[in-house]
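Hi,

Here is the structure I said I'd pass along. My notes on its cavities and pockets follow below it.

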Amino acid sequence: MANFFTDTPSLKHHLHHPMMRRIVELKERGFRDKDEYDYAPVDFEDAMDSYEKTLEIIGEITGDIIDPNAEGVDHDGATLSNNRVTYAAGTSADLDAVRKAGLMGMAMPRRFGGLNFPIIPYIMAADIVSRADAGFENLWGLQDCAVTLYEFGNEEQHRRYIPRVCAGETMSMDLTEPDAGSDLQSVMLKATYDEANGCWRLNGVKRFITNGDSDIHLVLARSEEGTKDARGLSMFIYDKRDGGVDVRRIENKMGIKGSPTCELVYRNAKAELCGERRLGLIKYVMSLMNGARLGIMTQGVGICEAAYREGYKFACERMQFGKRIIQFPAVYEMVAMMRARTDASRSLLYTTARFVDIYKSLDDISRERKLTPEERLEQKKYAKLADAYTPIGKGIGTEFANQNAYDAIQIHGGSGFMKDYKCERLYRDVRITNIYEGTTQLQVVAAIRYVTTGLYLSQIREYESAEYKPESAGLKAKLVSMADTYEKLVDFVIEKKDGEYLDFMARRLVESAAHCIMGYLLLQDTEVEESFRNSTEVYIRYGESEIDKINKYITDFLPEDLKAFKSGVES
């Protein structure tokens with residue numbers, strides 16, 4: 001029997017990071033639940049043991065049920081009849097398995113039926129599931145919406161909705177519309193208050209809604225008459241039990257076919273306000289999107305892992321010219337880079353998740369009592385780091401996932417183009433990851449301010465100041481040189497005082513920062529676990545060469561050179 005947790009030692013490495021002690025301390029509040037819930041941990045060691053055992057269960061379900069079902073789900077997909085969605089048989093079996101295992105409310109408080117787990121083990125579970133079936137991870141992972149409901153809904157809404165999610169009901173976030181994709185401030189679905197019945201009514205169309213026929217929806221809608229910008233938008237809760245929303249169509253997609261992407265029609269649908277009016281996009285959806293982006297980072301890492309394993313396995317088995325193709329430099333270079341991309345992306349993912357864990361826990365504590373000055377500083381520090389690391393993780397990590405899926409097919413040759421092999425499905429499934437929840441280009445827009453304010457550089461220099469083993473001296477020297485080049489490039493671009501030129505070079509500067517950060521994170525992993533050394537050496541060499549190319553491109557490029565690009569567009 002396969003177990004997708006125990007067969008991946010790097011997961012246990014990231015689970016047992018030293019910061020977990022602080023994360024558990026904040027999440028468990030002195031282990032106050034131990035006297036009320038028999039499954040609540042009594043101390044740190046008990047909590048870690050609980051996380052590990054739960055991940056072993058998830059790893060077993062994934063290996064024995066979700067992974068074997070994935071091919072059938074991809075073939076069958078969800079279907080639509082009488083404006084309602086029916087999942088593929090395999091998807092229903094997957095959901096049934098995780099529901100019976102009590103895994104639908106991992107991050108929710110115990111008083112609502114959840115496990116009260118930190119973000120780290122929850123994200124790790126998503127990593128494991130994504131390796132098997134990225135489409136199913138979309139359905140199961142949307143319990144993230146319950147986190148938003150918990151953060152911004154009132155206590156009465158918590159009591160009515162969150163236990164339903166923990167019991168196995170599904171959620172969706174209904175944001176985009178036919179004329180409002182990435183530009184969510186253009187949302188026009190109308191929310192009108194019904195005085196006679198004391199509720200809100202929603203009318204309009206939503207498009208590209210993942211799991212659009214879910215049980216509970218978080219809906220972004222225009223509540224303020226006459227407005228056209230973000231200040232007129234509020235967030236609402238729609239309960240499928242109340243009716244009023246039909247699924248007009250399921251999109252015919254390239255991949256993640258087990259996850260129905262729907263077009264929804266709201267016709268006077270009953271809804272209730274979540275939080276305060278006018279803060280729907282400005283506060284609540286932005287928080288929801290950050291969580292969703294962390295989820296897509298995770299999906300990318302899971303697919304990265306799957307693609308590497310498929311490529312490596314085939315390269316070890318395929319014979320050509322009298323030897324296995326893994327022995328050819330052109331192939332083993334690809335395989336080594338696939339492993340390095342996976343390890344680098346995973347390290348950045350869990351670093352980011354730890355930042356999120358700490359600031360989210362402190363946010364939750366602030367609802368119970370006033371934070372101390374030290375806690376406020378800690379909350380502010382990790383909130384900013386999470387905000388800075390999320391876009392590079394989502395942007396670079398999903399691009400790496402796409403490259404790994406591409407390389408897996410290349411290693412398979414003509415066989416990889418056939419549906420007989422898993423890599424063909426991975427190639428289709430992964431393509432959405434650098435598009436939805438904010439394209440790579442939008443992640444660059446989010447990240448560039450941390451280039452210009454120097455936050456990335458200060459983090460890189462902090463990593464540089466740490467002590468490393470003597471055998472890592474050569475790798476550290478390369479990273480120091482990479483950081484020096486990055487710093488000079490940032491100064492070079494900023495000194496031009498040209499906004500358009502900065503925007504044009506933003507992707508290159510963000511990538512340079514990411515290579516330095518991911519290189520150092522891998523080096524830190526190697527300090528603890530020697531098995532990371534090969535990936536660290538491969539990745540740092542790659543990062544060094546990429547920054548060299550970026551350096552040449554930027555320093556040879558002047559603002560007036562933008563004219564050639566503009567004229568090409570205009571012609």
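**Cavities and pockets**

The lining of the largest cavity is made up of three nonpolar, two polar and five charged residues. Keep in mind that this is a predicted model.

Who are those lining residues? The charged ones are Asp 74, Asp 133, Lys 257, Arg 425 and Asp 429. Ala 70, Val 73 and Ile 256 are the nonpolar ones, and Gly 135 and Gly 258 the polar ones. Helix H3 (44-76) and helix H12 (422-430) each put at least two residues into this lining, and H3 has the largest share, with three. As for volume, the largest cavity holds about 40 Å³. The count of cavities of 30 Å³ or more comes to four.

Now for the second largest pocket, which has a volume of about 720 Å³. It is lined by 36 residues, and Glu 151, Ser 287, Val 356, Tyr 359 and Lys 360 sit closest to its centre. Which elements give two or more residues to that lining? They are helix H5 (119-132), helix H7 (144-152), helix H9 (280-317), helix H10 (329-366) and helix H11 (373-412). H9 provides the largest share here, eight residues.

By class, the lining of this pocket splits into 19 nonpolar, seven polar and 10 charged residues. So if you want a place to start looking, the residues closest to the pocket centre are listed above, Tyr 359 and Lys 360 among them.

Cheers

Notes:
Residues are numbered from 1 along each chain as its sequence is written. This is a predicted model: local features need pLDDT of at least 70, side-chain atom pairs count only at pLDDT 80 or more; totals for chains, interfaces and linings use all residues. Side-chain values use heavy atoms; hydrogens and water are left out. On a 1 Å grid over the protein atoms alone, a cavity is a set of points where a 1.4 Å probe fits but cannot get out, and a pocket is an open set with protein on both sides within 12 Å along at least five of seven lines; lining residues have an atom within 4 Å of a point. Grid points are joined across faces, edges and corners, and a volume is the space filled by probe spheres set on the points. Helices (H or I, at least four residues) and strands (E, at least two) are DSSP runs, numbered from the N terminus.
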